[in-house]
Amino acid sequence: MSDYLLLLLTTSLVNNVVLAQFLGLCPFMGVSNKVGSAFGMGLATTFVLTLSCAAGWILDHYLLVPLELGFLRLLSFILVIAVLVQLTEMMVAYQSPELHRILGIFLPLITTNCAVLGIALLTIREKLDFVDALLYGFGSSLGFTLVIVLFAGLRERMTLCRIPTAMQGAPISFITAGILAMAFSGFTGIA
(Lines give C-alpha, C1' and ligand atoms only; values in the text may rest on other atoms or scores of the structure.)
Protein backbone atom coordinates (compact mmCIF):
# COMPACT_ATOMS: atom_id res chain seq x y z
CA MET A 1 0.00 0.00 0.00
CA SER A 2 2.83 2.39 0.82
CA ASP A 3 4.34 1.67 -2.61
CA TYR A 4 1.13 2.85 -4.25
CA LEU A 5 1.05 6.02 -2.16
CA LEU A 6 4.69 6.68 -2.99
CA LEU A 7 3.93 6.21 -6.70
CA LEU A 8 1.06 8.70 -6.49
CA LEU A 9 3.21 11.25 -4.65
CA THR A 10 6.15 10.98 -7.01
CA THR A 11 4.06 11.20 -10.16
CA SER A 12 1.98 14.12 -8.95
CA LEU A 13 4.56 16.20 -7.09
CA VAL A 14 8.17 15.12 -7.71
CA ASN A 15 7.99 14.10 -11.38
CA ASN A 16 5.13 16.42 -12.24
CA VAL A 17 4.08 15.97 -15.84
CA VAL A 18 4.08 19.72 -16.54
CA LEU A 19 6.81 21.16 -14.32
CA ALA A 20 9.37 18.34 -14.37
CA GLN A 21 8.69 16.51 -17.63
CA PHE A 22 7.46 19.57 -19.60
CA LEU A 23 4.52 17.71 -21.14
CA GLY A 24 1.11 19.31 -21.59
CA LEU A 25 2.31 22.89 -21.76
CA CYS A 26 -0.28 23.95 -24.36
CA PRO A 27 -3.34 23.45 -22.12
CA PHE A 28 -1.28 24.59 -19.13
CA MET A 29 -0.76 28.00 -20.74
CA GLY A 30 -3.98 28.13 -22.76
CA VAL A 31 -6.72 27.10 -20.34
CA SER A 32 -5.28 28.45 -17.12
CA ASN A 33 -6.83 31.92 -17.16
CA LYS A 34 -9.68 31.03 -14.79
CA VAL A 35 -9.68 28.50 -11.96
CA GLY A 36 -13.06 27.07 -13.01
CA SER A 37 -12.03 26.29 -16.57
CA ALA A 38 -8.63 25.01 -15.41
CA PHE A 39 -10.30 22.66 -12.95
CA GLY A 40 -12.71 21.41 -15.62
CA MET A 41 -9.82 20.81 -18.01
CA GLY A 42 -7.92 19.05 -15.24
CA LEU A 43 -10.85 16.72 -14.53
CA ALA A 44 -11.33 15.94 -18.21
CA THR A 45 -7.61 15.29 -18.62
CA THR A 46 -7.62 13.12 -15.47
CA PHE A 47 -10.36 10.96 -16.91
CA VAL A 48 -8.69 10.61 -20.31
CA LEU A 49 -5.15 10.15 -19.02
CA THR A 50 -6.05 7.52 -16.44
CA LEU A 51 -8.18 5.50 -18.83
CA SER A 52 -5.68 5.83 -21.67
CA CYS A 53 -2.94 4.39 -19.45
CA ALA A 54 -5.17 1.46 -18.54
CA ALA A 55 -6.41 0.89 -22.09
CA GLY A 56 -2.93 1.32 -23.53
CA TRP A 57 -1.47 -1.21 -21.10
CA ILE A 58 -4.17 -3.75 -21.92
CA LEU A 59 -3.81 -3.15 -25.66
CA ASP A 60 -0.05 -3.44 -25.51
CA HIS A 61 0.15 -6.53 -23.29
CA TYR A 62 -2.72 -8.52 -24.77
CA LEU A 63 -2.64 -7.56 -28.44
CA LEU A 64 0.41 -5.69 -29.69
CA VAL A 65 3.17 -7.63 -27.91
CA PRO A 66 1.71 -11.15 -28.41
CA LEU A 67 1.11 -10.47 -32.11
CA GLU A 68 4.49 -8.72 -32.48
CA LEU A 69 2.80 -5.48 -33.55
CA GLY A 70 4.84 -3.17 -31.32
CA PHE A 71 5.46 -0.88 -34.29
CA LEU A 72 1.74 0.05 -34.15
CA ARG A 73 1.93 1.18 -30.49
CA LEU A 74 2.00 4.91 -31.17
CA LEU A 75 -0.80 4.79 -33.72
CA SER A 76 -3.00 2.56 -31.58
CA PHE A 77 -2.47 4.69 -28.46
CA ILE A 78 -3.46 7.82 -30.39
CA LEU A 79 -6.61 6.06 -31.56
CA VAL A 80 -7.49 5.00 -28.00
CA ILE A 81 -6.91 8.53 -26.73
CA ALA A 82 -9.06 10.02 -29.51
CA VAL A 83 -11.95 7.71 -28.62
CA LEU A 84 -11.65 8.54 -24.92
CA VAL A 85 -11.58 12.27 -25.68
CA GLN A 86 -14.73 11.98 -27.77
CA LEU A 87 -16.48 10.17 -24.91
CA THR A 88 -15.27 12.80 -22.46
CA GLU A 89 -16.43 15.64 -24.68
CA MET A 90 -19.88 14.10 -25.01
CA MET A 91 -20.11 13.62 -21.23
CA VAL A 92 -19.01 17.19 -20.50
CA ALA A 93 -21.43 18.59 -23.09
CA TYR A 94 -24.27 16.62 -21.52
CA GLN A 95 -23.39 17.23 -17.86
CA SER A 96 -22.20 20.85 -18.06
CA PRO A 97 -22.90 22.77 -21.27
CA GLU A 98 -21.38 25.90 -19.73
CA LEU A 99 -18.08 24.15 -18.99
CA HIS A 100 -18.16 22.69 -22.50
CA ARG A 101 -18.56 26.21 -23.89
CA ILE A 102 -15.77 27.60 -21.68
CA LEU A 103 -13.30 24.84 -22.58
CA GLY A 104 -14.16 25.24 -26.26
CA ILE A 105 -11.44 23.97 -28.55
CA PHE A 106 -9.22 22.85 -25.68
CA LEU A 107 -11.42 19.86 -24.87
CA PRO A 108 -10.92 18.11 -28.23
CA LEU A 109 -7.28 19.17 -28.09
CA ILE A 110 -6.76 16.73 -25.20
CA THR A 111 -6.26 14.28 -28.07
CA THR A 112 -3.08 16.08 -29.04
CA ASN A 113 -2.00 16.81 -25.45
CA CYS A 114 1.46 15.30 -25.36
CA ALA A 115 1.07 14.61 -21.63
CA VAL A 116 -1.66 12.05 -22.27
CA LEU A 117 0.28 10.20 -24.95
CA GLY A 118 3.60 10.63 -23.15
CA ILE A 119 2.40 9.16 -19.87
CA ALA A 120 0.69 6.24 -21.64
CA LEU A 121 3.95 5.47 -23.45
CA LEU A 122 6.01 5.91 -20.26
CA THR A 123 3.96 3.26 -18.48
CA ILE A 124 4.98 0.81 -21.20
CA ARG A 125 8.62 1.91 -21.24
CA GLU A 126 8.88 1.61 -17.47
CA LYS A 127 7.47 -1.96 -17.69
CA LEU A 128 4.86 -1.27 -15.01
CA ASP A 129 2.21 -3.82 -14.13
CA PHE A 130 -1.45 -2.93 -14.66
CA VAL A 131 -2.17 -1.42 -11.23
CA ASP A 132 1.06 0.58 -11.25
CA ALA A 133 0.29 1.84 -14.78
CA LEU A 134 -3.17 2.90 -13.68
CA LEU A 135 -1.79 4.69 -10.62
CA TYR A 136 1.00 6.25 -12.69
CA GLY A 137 -1.58 7.71 -15.04
CA PHE A 138 -3.87 8.82 -12.21
CA GLY A 139 -1.03 10.38 -10.22
CA SER A 140 0.29 12.19 -13.29
CA SER A 141 -3.17 13.55 -14.04
CA LEU A 142 -3.59 14.67 -10.42
CA GLY A 143 -0.29 16.53 -10.73
CA PHE A 144 -1.45 18.08 -14.00
CA THR A 145 -4.72 19.19 -12.42
CA LEU A 146 -2.99 20.55 -9.32
CA VAL A 147 -0.51 22.59 -11.33
CA ILE A 148 -3.02 23.95 -13.85
CA VAL A 149 -5.41 25.03 -11.06
CA LEU A 150 -2.59 26.62 -9.02
CA PHE A 151 -1.34 28.44 -12.10
CA ALA A 152 -4.87 29.64 -12.93
CA GLY A 153 -5.22 31.00 -9.40
CA LEU A 154 -1.93 32.84 -9.73
CA ARG A 155 -2.95 34.25 -13.11
CA GLU A 156 -6.26 35.45 -11.66
CA ARG A 157 -4.34 37.20 -8.88
CA MET A 158 -1.97 38.77 -11.41
CA THR A 159 -4.91 40.54 -13.09
CA LEU A 160 -5.20 42.59 -9.89
CA CYS A 161 -1.53 43.62 -10.00
CA ARG A 162 0.11 46.45 -11.85
CA ILE A 163 2.45 44.73 -14.28
CA PRO A 164 4.69 46.72 -16.65
CA THR A 165 3.35 46.71 -20.19
CA ALA A 166 6.35 44.82 -21.58
CA MET A 167 5.82 42.02 -19.06
CA GLN A 168 2.05 41.57 -19.49
CA GLY A 169 0.66 38.40 -21.02
CA ALA A 170 3.05 35.62 -21.96
CA PRO A 171 6.24 37.03 -20.36
CA ILE A 172 4.83 37.22 -16.83
CA SER A 173 3.06 33.89 -17.33
CA PHE A 174 6.32 32.16 -18.23
CA ILE A 175 8.12 33.76 -15.29
CA THR A 176 5.33 32.64 -12.97
CA ALA A 177 5.44 29.11 -14.41
CA GLY A 178 9.20 29.05 -13.83
CA ILE A 179 8.80 30.10 -10.21
CA LEU A 180 6.09 27.45 -9.76
CA ALA A 181 8.45 24.84 -11.24
CA MET A 182 11.18 25.89 -8.80
CA ALA A 183 8.71 25.60 -5.93
CA PHE A 184 7.74 22.09 -7.02
CA SER A 185 11.40 21.10 -7.25
CA GLY A 186 11.40 21.36 -3.47
CA PHE A 187 9.41 18.10 -3.40
CA THR A 188 12.36 16.22 -4.88
CA GLY A 189 13.66 15.03 -1.54
CA ILE A 190 10.43 13.37 -0.37
CA ALA A 191 10.76 10.29 -2.57
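This briefing covers the fold, surface, cysteines and selected residues of one protein chain. The model is predicted. The protein has eight helices and zero strands. Its radius of gyration is 17 Å, in agreement with the value near 16 Å for a compact globule of 191 residues. The structure holds zero disulfides.

**Overall fold**

- The pattern along the sequence reads α-α-α-α-α-α-α-α.
- Along the principal axes, the C-alpha atoms fill a box of roughly 60 × 40 × 30 Å.
- A compact globule with 191 residues would have a radius of gyration near 16 Å, so the 17 Å of the protein agrees with that expectation.
- Contacts between residues at least 6 apart in sequence were sorted by separation, and 78% of them join residues at least 24 apart.

**Burial, surface and charge**

- Buried residues make up 43% of the 191 in the protein.
- The exposed area comes to about 10,200 Å². Carbon and sulfur atoms supply 72% of that area.
- The protein carries 8 positive and 9 negative charges. The mean positions of the two sets lie 17 Å apart.

**Helix H1 and its packing**

- Helix H1 spans residues 2-14.
- Its buried residues are Leu7, Thr10, Thr11, Ser12, Leu13 and Val14.
- Which helices do the buried residues of H1 pack against? They pack against helix H7 (130-158) and helix H8 (170-184).

**Thr145 in helix H7**

- Helix H7, one of the partners of H1, also contains Thr145.
- Thr145 has a relative accessible area of 10%, under the 20% cut-off, and therefore counts as buried.
- Leaving aside residues up to four places away in sequence, Thr145 touches Phe39, Gly42, Leu43 and Thr46.

**Cysteines**

- Why is Cys26 without a disulfide bond to Cys114? The closest cysteine sulfur to that of Cys26 is in Cys114, 8.6 Å away, which is too far for a bond. A disulfide here requires sulfur atoms within 2.5 Å.
- Cys53 is in no disulfide either. For Cys53, the nearest cysteine sulfur is that of Cys114, 14 Å away.
- Is Cys26 buried or exposed? Cys26 counts as exposed, at 53% relative accessibility.
- Cys53 is buried, with a relative accessible area of 1%.

**Positive phi outside glycine**

- Phe22 is not a glycine, yet its phi is positive, at about 55 degrees.
- Phe22 sits in the loop between H1 and helix H2 (25-30).
- The relative accessible area of Phe22 is 54%, so this residue is exposed.
- Lys127 also has a positive phi, near 55 degrees, and is a residue other than glycine.
- Where does Lys127 lie? Lys127 is in the loop between helix H6 (114-125) and H7.
- Lys127 counts as exposed because its relative accessibility is 74%, over the 50% cut-off.

**In brief**

- The protein is built from eight helices, with zero strands, and 43% of its residues count as buried.
- Cys26 is exposed, whereas Cys53 is buried.
- Phe22 and Lys127 each have a positive phi. Phe22 is in a loop after H1 and before H2, and Lys127 is in the loop between H6 and H7.

Terms used:
Residues numbered from 1 in each chain as written. Predicted model: local features only at pLDDT ≥ 70, side-chain atom pairs only at ≥ 80, totals over all residues. Heavy atoms only, no water. Buried < 20%, exposed > 50% of the residue type's maximum accessible area, 1.4 Å probe, protein only. Helix = DSSP H or I, 4+ residues; strand = E, 2+ residues; numbered from the N terminus. Rg over C-alpha atoms; globule rule 2.2 N^0.38 Å. Contact = heavy atoms within 4.5 Å. Areas by Shrake-Rupley, 256 points an atom, 1.4 Å probe, with all protein chains shown as cover. Lys, Arg positive; Asp, Glu negative; His and termini not counted. Charge placed at Lys NZ, Arg CZ, Asp CG, Glu CD.
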